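User: Hi! I am new to reading protein models and would like a close look at one part, the place where the ligand sits. Could you then walk me outward to the rest of the chain?

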Amino acid sequence: MNQALLQAGQEELRAARRESRGLYWAVGLFSFFANLLMLTGPLYMLQVYDRVLSGRSLETLIALSLLVAFLYGVMGILDYARGRVMARAGARFQARLDRRVFDAVVHQSSRMPTQSSASGLRDLESVQQLMTSPVLMAAFDAPWTPVFLLGISLFHPWLGILAVVGGGFLVLVSILNRFLSRQPILKSSSASHHAALIGEQIRSEAEMVRALGMQSAANDRWQVARDEALLHQVAASDTAGGFSAFTKSTRLLLQSAMLGLGAYLVLANELTPGAMIAGSILLGRALAPIELAIGQWAVAQRALKGWESLSQLLSDVPPEGQRTELPAPKAKLEAQQLTVVAPGESQAALRMISFELKPGQALGVIGPSGSGKSTLARALTGVWRPAGGRVRLDGATLDQYDPDKLGQYIGYLPQRVQLFEGTIAQNIARLAAQPDPKKVVAAAKMAAAHDMIVKLPEGYDTIVSANGGRLSGGQVQRIGLARAMYSNPVILVLDEPNSNLDNDGSNALNEAIRTMKQAGNAVLIMAHRPAAIKECDLLLVLDGGARTAFGPRDEVLRDAVANHKQIQQTKGQGGVQ
Ligand SMILES: Nc1ncnc2c1ncn2[C@@H]1O[C@H](COP(=O)(O)OP(=O)(O)OP(=O)(O)O)[C@@H](O)[C@H]1O
């Protein structure tokens with residue numbers, strides 16, 4: 001990955017991490033004393049073997065044991081305290097970035113979903129998990145490894161050499177572990193994610209899957225992804241397990257070798273028995289962080305990948321800059337030489353489209369499937385950015401408006417209406433925590449949804465699910481229309497608004513369009529069905545992403561009919577085959 005492109009995101013992550021600098025210092029301080037107290041065991045052994053046993057003094061043993069119990073107690077408290085502080089540092093880091101990452105995920109997903117936007121929140125969690133995991137604690141303990149090794153050397157140089165060689169070998173093993181386990185861990189986590197996505201998609205489309213008799217095929221597909229995930233998990237676990245077991249047995253072997261060498265030196269009268277035991281314990285302490293890091297490497301690996309991926313996401317979606325707030329616009333919408341390329345595509349879905357819409361007008365956009373009607377709707381609502389040209393609302397380009405404000409000025413009914421888990425009132429009020437009942441009812445009335453809603457057992461407080469739940473397609477569409485009108489928009493963009501409506505619904509929709517026009521607002525209707533353009537003053541005809549006609553509705557239709565007749569006649573004369 002290009003480091004320069006990650007820099008802005010990385011800097012943002014580092015700044016969030018820096019906010020907990022005080023807490024890290026506290027953890028460092030606790031770790032210092034906790035590690036100092038790690039010397040309790042070896043020192044106790046030294047005293048017991050070399051003083052208590054040789055002097056046969058029970059009082060000394062009792063006094064020493066009480067002191068050791070106290071010191072171990074303090075060490076336990078310090079260990080617990082640093083764990084608590086790290087948990088809070090991790091939580092603070094996540095809380096600080098949660099909203100920013102979620103905003104970036106939503107922003108990126110609405111334009112061009114990428115790997116980093118799909119995994120954004122998971123990546124943040126994996127970084128947070130590392131912060132609270134024992135691996136990070138091992139990083140605070142690791143500086144003590146050389147100190148403990150030096151302590152062993154003070155007992156006897158040979159013991160020191162054995163400890164340094166053994167420790168160095170384990171460090172090499174941990175570096176090898178880092179390289180060899182990278183791929184298996186990453187593959188395993190991405191395969192699990194893929195299997196979960198497939199499962200989620202099948203679950204959310206369960207109705208269609210069963211109705212079309214696709215269950216067995218869909219389950220097979222899920223099973224393949226799941227098996228692959230398991231396969232990678234087993235491979236990752238084998239690699240991690242292999243390294244972990246090897247490190248553990250090497251550490252035990254080294255401790256025994258240390259005892260053996262110590263015993264030899266005792267026999268040669270070069271070491272006391274106490275130093276022999278203390279050396280072995282010290283070696284165990286010195287190697288503990290390395291062993292821990294190897295055993296828990298998967299957590300660190302996921303966090304490193306998460307950090308890189310988050311840096312990418314935050315660099316791709318920089319924080320919104322401060323905008324000078326513009327006054328509420330008039331219903332004046334202009335597209336100037338508008339060219340739009342769908343995210344991830346290279347060919348333009350709309351080319352050089354121009355038109356102007358004034359207050360009180362309604363524009364119908366017609367054209368065959370794939371001609372670019374929905375693309376135009378997305379560009380006019382600011383969801384997709386123009387690749388060329390401009391969209392201006394009351395003279396200002398759309399990106400000069402705050403996105404949330406723009407959403408209030410331009411009401412949008414997408415082709416496929418999706419509701420959110422919650423009450424109908426909350427859905428109409430665009431998920432406002434405290435929906436304004438008057439505005440909700442007014443919007444529902446405008447969308448001719450009020451009567452339908454109050455007939456439901458719990459009226460506006462009926463809980464609906466993401467796919468509408470108990471509501472019919474037409475009912476969902478009317479609620480979607482009410483939602484589009486909730487903020488009293490000056491421009492209303494309706495993408496195939498009557499695709500699910502019956503006659504009454506279509507009439508009510510036309511009534512709503514009339515009301516909008518009378519209030520001095522403007523409406524755009526992307527349509528297939530003639531009933532939808534009944535209230536339109538202007539008509540824009542698209543074909544293959546290009547404008548083929550634009551003007552007053554009846555003129556455009558008349559020209560189209562004349563052209564059609566001409567083509568028919570020419571065909572009759574054998575002109576066109
Ligand atoms: N998310 C997308 N990613 C890539 N290409 C897209 C995307 N959405 C639309 N397109 C492409 O843009 C072109 C215009 O599609 P668009 O959905 O705007 O047509 P439409 O006129 O609304 O069609 P319909 O009447 O069937 O809804 C098509 O060629 C389509 O393949």
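Analyst: Happy to help; we begin at the ligand and then move on to salt bridges, the nonpolar core and a few single residues.

A word on the ground rules first. This is a predicted model, in which local features need pLDDT of at least 70 and side-chain atom pairs count only at pLDDT 80 or more, while totals for chains, interfaces and linings use all residues. Residues are numbered from 1 along each chain as its sequence is written, and side-chain values use heavy atoms, with hydrogens and water left out.

Let's start with the ligand. It is surrounded by 16 residues, and the closest are Gly370, Lys373, Ser374, Thr375 and Gln415. Here, a residue is near a molecule if one of its heavy atoms lies within 4 Å of it. By type, the shell divides into 4 nonpolar, 8 polar and 4 charged residues. In this count Ala, Val, Leu, Ile, Met, Phe, Trp, Tyr, Cys and Pro are nonpolar, Asp, Glu, Lys and Arg are charged, and the others, Gly among them, are polar. Helix α14, which spans residues 373–380, gives the most to the shell, with 4 residues. Helices (H or I, at least four residues) and strands (E, at least two) are DSSP runs, numbered from the N terminus.

Now zoom in on the oxygen atoms of the ligand. One lies 2.6 Å from an N or O atom in the side chain of Thr375. The backbone takes part too: a backbone N or O atom of Gly370 is 2.8 Å from a ligand oxygen, and a polar backbone atom of Ser371 is 3.1 Å from a ligand oxygen. Taken alone, the ligand exposes 630 Å², and the protein buries 64% of that. Such areas come from the Shrake-Rupley method with a 1.4 Å probe; for residues, only the protein chains shown count as cover.

Next come the salt bridges. The structure holds 15 of them, each being a side-chain nitrogen of Lys or Arg within 4 Å of a carboxyl oxygen of Asp or Glu. To describe the partners, we call a residue buried under 20% relative accessible area, exposed over 50%, and partly exposed in between (1.4 Å probe, protein chains only).

Find Arg82 and Asp79, whose closest N and O atoms are 2.8 Å apart in a salt bridge. Both belong to helix α4 (residues 58–111), and because they are 3 residues apart there, about one helical turn separates them. Arg82 is buried, at 5% relative accessible area, whereas Asp79 is partly exposed, at 34%.

In helix α9 (residues 157–204), Glu200 and Arg203 are also 3 residues apart, about one turn of the helix. Their side chains meet in a salt bridge, with 2.9 Å from N to O. Glu200 is partly exposed at 39%, and Arg203 is exposed at 55%.

Lys517 and Asp537 make another salt bridge, with their closest N and O atoms 3.4 Å apart. Lys517 lies in helix α20 (residues 503–518) and Asp537 in the loop between β10 (522–527) and β11 (538–543), so this pair ties together parts that are 20 residues apart in sequence. Lys517 is buried at 15%, while Asp537 is partly exposed at 32%. Elsewhere, Glu11, Arg14 and Arg18 are joined into one network by salt bridges that share partners.

Now for the inside. The largest nonpolar core has 42 residues, and those with the most contacts inside it are Ile428, Ile453, Ile479, Leu494, Val523 and Ile525. Such a core is a set of buried Ala, Val, Leu, Ile, Met, Phe, Trp, Tyr and Cys residues joined through side-chain atoms within 4.5 Å. Elements giving two or more residues to this core include α16 (424–428), α19 (473–485), β9 (491–495) and β10. The most come from α19, with 6 residues.

Asn427 lies in helix α16 and is buried, at 1% relative accessible area.

Two loop residues round off the tour. Most residues other than glycine have a negative phi. Asp394, in the loop between β4 (388–393) and β5 (396–397), has a positive phi near 50° and is partly exposed at 29%. Asn488, in the loop between α19 and β9, also has a positive phi near 50°, and is exposed at 58%.

Key. Polar contact = N/O pair within 3.5 Å; in protein donor to acceptor, adjacent residues only side chain to side chain.
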